[in-house]
Amino acid sequence: MKNTNRQQEQLTIIATHTNADFDAVGSMLAAQKLYPGAMVVFPGFHEKNMKNFFVSTMAYLFKMADYKKLDPDKIKRLVLVDTRQAGRIGEIEELLEKSGLEIHIYDHHPKLEDDIKGDYEVHRETGANVTLLVELIREQNIAVTPDEATIMCLGIYEDTGAFSYPSTTEKDFLAAAYLRACGASLTTISDLISKEMDPEQISLLNDMFRSAVHHDINGMEVAVTAVSTEQYIHDLAFLVQKMLRIENLNAVIAIALMKNKIYIAARSRTPDVDVGAVVREIGGGGHSFAAAATIRNKTLAQVENRIIELLKKHVKSRQQAEDIMSAPAITASADISCRKARQLLSQYNINALLVVNPEKEAGELTGFITRQVIEKALYHDLGDIAIKEYMTTEFAEVEPDAEISEVQEKIIENKQRILPVKKDGNVIGVITRTDLLNTLIYRDRQQQAAHSSQPPHESRQPRTKKVSGFLKERLNDSIIDLLRRIGRVADSHGFPAYVVGGFVRDLFLYRHNEDIDIVIEGNGIEFAKAFARKEGARVNAYAKFGTAVIIFPDGFKIDVASARMEYYKFPAALPTVEMSSIKLDLFRRDFTINTLAICLNQDRFGRLIDFFGGMRDIKEKAIRILHNLSFVEDPTRVFRAIRFEQRFGFTIGKLTAGLIENAVKMDFFRRLSGRRVFSELCQILKEENPIPALARLEDFNLLKVIEPSIRMDSTLHSMLESARSALSWYDLLYMEDDYRKWVVYFMILIRHTDREKAEEICLHFELAPRYSRILTQERFEAENCLHRLARKLPMKNSELYEELSGFKTEILLFMMAAANQERIKKAISFYVTDLKDTEISVRGEDLKQMGLTPSPLFGRIMRELLREKLDGVVETREDELEFAKKMVTGGK
């Protein structure tokens with residue numbers, strides 16, 4: 001009795017918000033496990049199946065109390081779960097005025113200024129609130145029965161949409177897994193979660209579809225539907241979720257007048273539409289992806305108008321001027337001639353130039369001039385006149401944070417082809433009419449796609465996507481930590497930093513690649529030096545190209561480049577390089593699949609940027625160039641297109657294939673240096689299986705670039721396959737010697753050439769002397785050896801050794817591939833595996849101890865000993881010493 005009185009004196013009650021859902025009820029049960037002896041005060045339920053389930057199944061698990069029958073003076077502690085809003089806890093709100101009340105709060109909703117302040121708070125933004133409490137139960141090793149586990153797990157399933165809502169976290173999965181291990185019944189959960197609509201719900205859902213209005217708010221489509229019914233219809237949130245999925249919408253807000261109350265249910269699938277922030281301002285609650293409210297004494301129209309006002313306030317603009325601008329801005333001095341201006345337009349492939357005053361140190365912006373104006377000036381023989389005479393001097397401009405609507409207004413109303421973007425008085429970029437048009441088309445097609453099963457058309461508007469979770473899945477912790485450190489150092493210098501190229505491409509192709517390429521929007525060399533100092537690494541910098549290599553103490557390397565753009569003075573020329581932005585840096589690359597970038601700065605870490613449809617082409621398994629003059633500017637890209645096509649099992653796009661054929665027809669390859677051609681050919685020959693790529697070179701008539709007489713006929717194809725078999729066989733031996741696979745394949749390709757032609761090929765490709773010697777002199781010696789083996793086999797081991805011992809590994813593998821008799825292949829393989837590394841143990845000191853002085857006899861004895869060992873006459877060291885003694889004494 002004393003114990004009971006003491007409990008009454010120190011009463012703890014557990015409560016949640018009104019309109020409790022399964023997550024709230026599961027949280028109260030979990031809290032009861034953490035606070036033994038506490039009383040649970042239920043605020044009541046809105047959902048019909050919630051009431052039924054609770055009455056028939058749950059009630060016995062709770063120590064329930066009727067708040068009206070409790071003595072407020074004896075309540076010493078209030079435990080709130082799944083809320084901390086005073087306006088959402090009903091009549092319990094009066095307790096908050098009680099002095100000395102200890103408040104404990106467990107909530108997963110975003111914090112707000114008017115939140116109840118607790119003496120003890122647990123807050124994390126998990127998908128379900130009960131997840132927070134299950135973590136504590138698990139940490140404290142508190143036993144959970146199967147029925148209790150089912151109720152808690154039901155809350156997780158409901159509030160995460162069976163783990164399908166964007167708000168779902170890793171912790172929700174772990175909590176559910178733990179509860180399943182405690183015996184949670186998935187059958188019970190499925191019966192309650194998999195709801196079937198009754199006729200009233202179907203009718204209401206149809207009304208919601210018919211009355212839905214799709215609002216374009218800051219570039220994001222939000223559907224708002226307002227309906228009314230004479231009776232209360234349960235599970236409005238369930239119907240909103242159905243509508244969201246059926247219509248494939250970004251966000252839906254339903255406003256339903258039922259009897260004399262207005263109920264709001266909101267769902268969002270994008271962080272750009274925070275429905276929680278919207279609904280909280282009208283007295284409701286929730287988080288960014290799901291929210292609800294009940295409103296009295298307002299009309300349907302009033303609430304709908306207020307919702308739209310709040311959406312305009314809270315929906316984030318998807319894009320601002322700085323998101324679609326091109327940077328850096330290409331400018332021209334007001335004093336340059338119209339003829340020179342046309343050269344600049346062609347050089348940078350643009351249609352308008354910003355004009356700056358050369359007399360001002362900062363390059364004050366004075367106007368702009370278009371290609372159309374310049375062409376007319378040249379037509380009228382005014383090519384030598386300065387552009388300041390014909391430039392447009394009245395123009396609009398925008399700040400970086402200008403909305404797209406402002407950009408659109410200024411470009412259209414001013415009939416302005418190019419719009420400068422200025423920050424602190426300096427031009428940081430430009431927006432062209434094409435940039436704006438692409439943005440508007442992309443937005444329109446995205447909205448159309450929400451109502452269509454067809455995918456949106458391609459746009460040059462950058463696609464962005466958060467892939468930090470994917471990085472964690474694909475990369476080891478050390479690489480992720482390295483990328484984060486890069487981002488931190490870049491932030492400290494004010495540089496945007498990106499990991500780009502093949503590393504990113506191979507992440508999405510699920511291929512291993514730790515060749516990390518970093519692009520810095522700014523001074524890449526400055527960044528590389530700063531990062532190397534912090535990491536204790538060293539730097540090799542190349543100022544001409546703005547690039548650097550960071551070399552770590554363990555030998556690991558990172559390539560760093562300043563974001564740059566390139567232009568080509570004539571076809572096949574090496575590029576001229578200038579500083580640029582990430583967009584223009586990616587545009588200079590060879591294929592769309594290599595234009596992906598992931599931001600590394602701390603505030604945007606893991607944000608994938610896709611300007612040119614790289615992810616689309618990875619999905620479609622297509623190799624596509626970025627612009628139609630790509631192969632004119634750099635014909636070596638043809639070799640890379642074929643190499644990537646065969647490596648990844650992709651297909652070269654129809655347009656790209658046509659442009660390759662054009663490059664071959666125009667013979668742009670003749671302008672390439674032999675070294676550049678060979679560099680690309682060597683990369684092909686280093687592939688795991690280069691034969692399909694070589695066959696594709698033949699398809700495009702490109703083997704002639706190596707040597708006009710090469711043809712991929714059945715004989716050459718068979719020899720290349722033999723070479724691949726020989727290389728695979730050798731690799732399986734795990735020999736330690738370092739050899740060059742490409743050398744073997746290249747010898748097969750030019751095998752039909754005579755020595756003079758082979759030397760000519762080596763000279764054209766500027767090969768190092770050691771490789772030229774292998775491809776000419778040593779290759780012909782190997783051919784002669786093959787003829788001798790064909791005549792003399794079988795032979796003693798020592799004779800075989802003498803034939804083959806002078807050849808490098810590449811030559812031996814070439815001989816295996818080129819041999820036309822199986823017995824020759826077997827003889828060479830036997831030499832490699834059994835004879836090549838044979839050694840004798842007798843040394844010069846042993847011969848001295850036998851009374852010999854150093855002389856040519858030493859060499860003859862050693863050679864004879866090796867022959868005898870190869871032929872099996874001597875086996876042990878004792879045999880060798882005995883044989884040597886006989887030779888010394890003349891016994892042999």
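Let me start with the network of salt bridges that links Asp-590, Asp-634, Arg-637, Arg-640, Arg-643, Arg-676 and Glu-680, and let me add at once that what we are looking at is a predicted model. One of the contacts to look at here is the salt bridge in which the side chains of Asp-634 and Arg-640 meet, with a distance of 3.6 Å from N to O. Both partners are covered, in the sense that Asp-634 is buried and Arg-640 is buried as well.

How many salt bridges does the structure hold? The count is 48, and I would like to take you through two others by name.

In one of them, Arg-124 pairs with Glu-135, and the closest N and O atoms of the two are 2.5 Å apart. Arg-124 sits in the loop between strand E5 (120-123) and helix H4 (130-139), whereas Glu-135 belongs to helix H4 itself, so this pair ties together parts that are 11 residues apart in sequence. The two partners can also be described by their accessibility: Arg-124 counts as partly exposed, because its relative accessibility is 31%, while Glu-135, at 17%, counts as buried, the cut-off for buried being under 20%.

The other pair is Glu-309 and Arg-306, whose side chains meet in a salt bridge at 3.4 Å, N to O. Here both residues are in helix H11, which covers residues 300-314, and because they are three residues apart they are separated by about one helical turn. Glu-309 is partly exposed, with 49% relative accessibility, and Arg-306 is partly exposed too, with a relative accessible area of 33%.

Let me turn to the surface patches. Which residues form a negative surface patch? They are Glu-322, Asp-323, Glu-399, Asp-401 and Asp-424, and of these, Asp-401 can be placed in the loop between helix H14 (371-379) and helix H15 (404-413). Helix H14 comes up again with a nonpolar surface patch of about 200 Å², which is made by Val-373, Ile-385 and Tyr-390, since it is in helix H14 that Val-373 lies. With a relative accessibility of 32%, Val-373 counts as partly exposed.

Now to the cysteines, where the question for the bench is how many disulfides a search of the whole structure finds. The search finds zero. For Cys-182, which is in no disulfide, the nearest cysteine sulfur is that of Cys-153, and it is 9.8 Å away; because a disulfide is taken as a pair of cysteine sulfur atoms within 2.5 Å, that distance lies outside the cut-off. As to cover, Cys-182 counts as buried at 18% relative accessibility, and Cys-599 counts as buried at 0%.

The last residue I want to show is Asp-610, which is found in strand E26, residues 607-610. Is Asp-610 buried or exposed? Asp-610 is buried, since its relative accessible area is 2%. If you then look from Asp-610 to Arg-788, the two are 178 residues apart in sequence, and their C-alpha atoms are 60 Å apart in space.

To go back to the beginning, if you have the model open, please look again at Asp-634 and Arg-640, which are both buried and which belong to the network that also includes Asp-590 and Glu-680.

Definitions and conventions: Residues numbered from 1 in each chain as written. Predicted model: local features only at pLDDT ≥ 70, side-chain atom pairs only at ≥ 80, totals over all residues. Heavy atoms only, no water. Patch = residues over 30% accessible without salt bridge, like charges linked within 9 Å, V, L, I, M, F, W, Y side chains within 5 Å. Areas by Shrake-Rupley, 256 points an atom, 1.4 Å probe, with all protein chains shown as cover. Salt bridge = Lys/Arg side-chain N within 4 Å of Asp/Glu carboxyl O. Lys, Arg positive; Asp, Glu negative; His and termini not counted. Charge placed at Lys NZ, Arg CZ, Asp CG, Glu CD. Helix = DSSP H or I, 4+ residues; strand = E, 2+ residues; numbered from the N terminus. Buried < 20%, exposed > 50% of the residue type's maximum accessible area, 1.4 Å probe, protein only.
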